[in-house]
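Reader: I am in my first year and still learning how to look at a model of this kind. Could you take me slowly through one part, and then on to whatever can be set beside it?

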Amino acid sequence: MNIMDEFYLDGIPRMSFGAGKFLESGEIISSAGFSGKKALVVTGRSFAKSSGTLSKLTEMLSSAGINSAVFSSVSPNPLSSEADEGAKFFNDNECDFAIGLGGGSAMDVAKAISAVAASGGDVWEYIDFWSGNKMKALTRAYPIVTIPTRYGSGAEVSPFAVLTHGEKREKSILTSDLILPDLAIVDPEFCVTLDSENVAYGITDVLSHLLDTYISGENGSDVADSLTESLVYELVKNGFKAMEDLKNIRYHENIFYISMLALTGITQVGRQGDFVLHDLEHPLSAHFNIPHGLGLGALFPHLMKFSYEAAASRYSRLYRHVFKRLIDNDEAAFENFRVTDDEEEMARSAVYCFEEFLKILGTFKKLGPFGVTAEGIERMANDVIRLYGQGKLYINNPKKLRYSDIMEIYEKLI
């Protein structure tokens with residue numbers, strides 16, 4: 001019988017959540033101890049400007065006695081060079097804290113900027129642990145405020161920053177308690193303006209955060225498992241409804257809440273697990289600039305089909321506590337749901353129900369039309385083993401992922 005693993009659960013940022021909270025940003029940030037200080041607002045290249053969100057934020061900051069500068073050079077798959085450039089801009093403008101405004105990319109770069117501006121050097125020196133070089137440790141970071149304009153990444157509450165080295169085409173994660181945001185302002189009203197594609201990408205990202213470690217973990221924490229299963233149930237239920245009614249804020253509120261819970265660590269306490277799907281997706285978006293949510297959705301059913309027999313007990317729980325529950329409560333219907341008492345058949349049915357859900361979202365699809373080529377597959381498979389194998393010739397997974405297995409999964413994308 002498995003027993004619960006030891007765990008250390010970090011705190012979560014101070015958070016202000018609710019419809020209309022963005023319009024209180026100046027007052028909220030000022031009252032959190034930033035009055036009289038100067039912010040670097042870090043954002044992407046288009047949405048925040050074109051929507052008026054950026055100008056509204058800087059106006060509110062000014063009214064609250066907070067000066068600001070703007071760094072709006074963040075790519076959808078952010079580059080380490082952007083973080084380094086932003087850190088220099090932060091120091092040149094004598095800023096005191098960073099505000100990440102936008103999706104996960106903007107928030108991740110804001111976190112990296114705050115770390116590099118305070119600790120010095122280049123951000124990749126704090127990430128590059130696989131080349132044989134001695135990785136530097138962050139010594140300090142400036143305070144960070146996050147204002148997400150969509151759900152999915154969970155970056156507003158996590159101590160991670162995902163970055164890509166543009167020249168090496170390597171994507172990895174800056175991890176430190178020092179970059180856990182100090183304050184998050186979460187306004188679900190942003191999401192009612194999203195199109196179905198971006199809603200689908202966000203839902204797929206949340207699903208991967210919940211299931212990646214759940215499937216690769218063991219039965220060591222009944223509480224964490226039950227919590228994860230309940231959140232997956234709520235995500236699928238609200239995901240269906242949000243895709244049918246994009247303007248209904250109630251569904252977006254629920255999904256945003258689930259998105260944050262998935263990255264606070266509470267769904268993993270006492271149960272170890274690996275982010276196997278993310279190991280496969282990172283080289284995909286690093287080499288071909290595929291949107292992260294799309295890459296996850298395209299890969300996930302293939303990884304599930306590879307793994308489900310070795311993790312049948314995990315998938316059979318998802319069958320009972322997600323899909324059977326959805327059907328019993330008339331919340332959703334799945335053509336691939338099979339009534340059975342056989343554990344392996346339940347596991348198989350769950351896999352095909354997830355595939356059906358991702359097809360409905362539109363994230364399970366071939367990626368050849370998005371530029372993925374056969375020539376790039378070998379390089380990606382090599383990167384997975386080299387970057388995430390931790391010195392082994394396979395990736396930890398319920399069924400070990402070896403080079404040939406990774407190649408086979410990637411080939412299915414074309």
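Author: Let us begin with Asp330, which is exposed, since its relative accessible area is 72% and a residue counts as exposed when that value is over 50%. Please keep in mind throughout that the model is predicted. Asp330 belongs to the loop that joins α11 (312-328) to α12 (343-361), and although Asp330 is not a glycine, its phi is positive, at about 55 degrees. That deserves a second look, because most residues other than glycine have a negative phi.

Asn289 can be set beside it: this residue, again not a glycine, has a positive phi of about 55 degrees, and its place is in the loop between α9 (276-288) and α10 (292-307). Asn289 counts as exposed because its relative accessibility is 52%, where the cut-off for that word is over 50%.

From the loops we can turn to a pair of helices. Two packed helices are described by the angle between their axes and the distance between the axes. For helix α6 (residues 196-216) and helix α8 (residues 249-263), the axes come within 9 Å and cross at roughly 35 degrees, and the crossing in which α6 passes α8 is left-handed. On the side of α6, the contact is made by Val199, Ile203, Val206, His209 and Leu210, while α8 brings His252, Ile255, Ile258, Ser259, Ala262 and Leu263. Sorted by character, the residues of this contact between α6 and α8 comprise eight nonpolar and three polar ones, with no charged residue.

Definitions and conventions: Residues are numbered from 1 along each chain as its sequence is written. This is a predicted model: local features need pLDDT of at least 70, side-chain atom pairs count only at pLDDT 80 or more; totals for chains, interfaces and linings use all residues. Side-chain values use heavy atoms; hydrogens and water are left out. Axes are lines fitted to C-alpha atoms, for helices over the stretch in contact, and angles run from 0 to 180 degrees between N-to-C directions. Helices (H or I, at least four residues) and strands (E, at least two) are DSSP runs, numbered from the N terminus. A crossing is left-handed if the near helix is turned anticlockwise from the far one by less than a right angle, and right-handed if clockwise. Contact means heavy atoms within 4.5 Å. Ala, Val, Leu, Ile, Met, Phe, Trp, Tyr, Cys and Pro count as nonpolar, Asp, Glu, Lys and Arg as charged, and the others, Gly among them, as polar. Buried means under 20% relative accessible area, exposed over 50%, partly exposed in between (1.4 Å probe, protein chains only).
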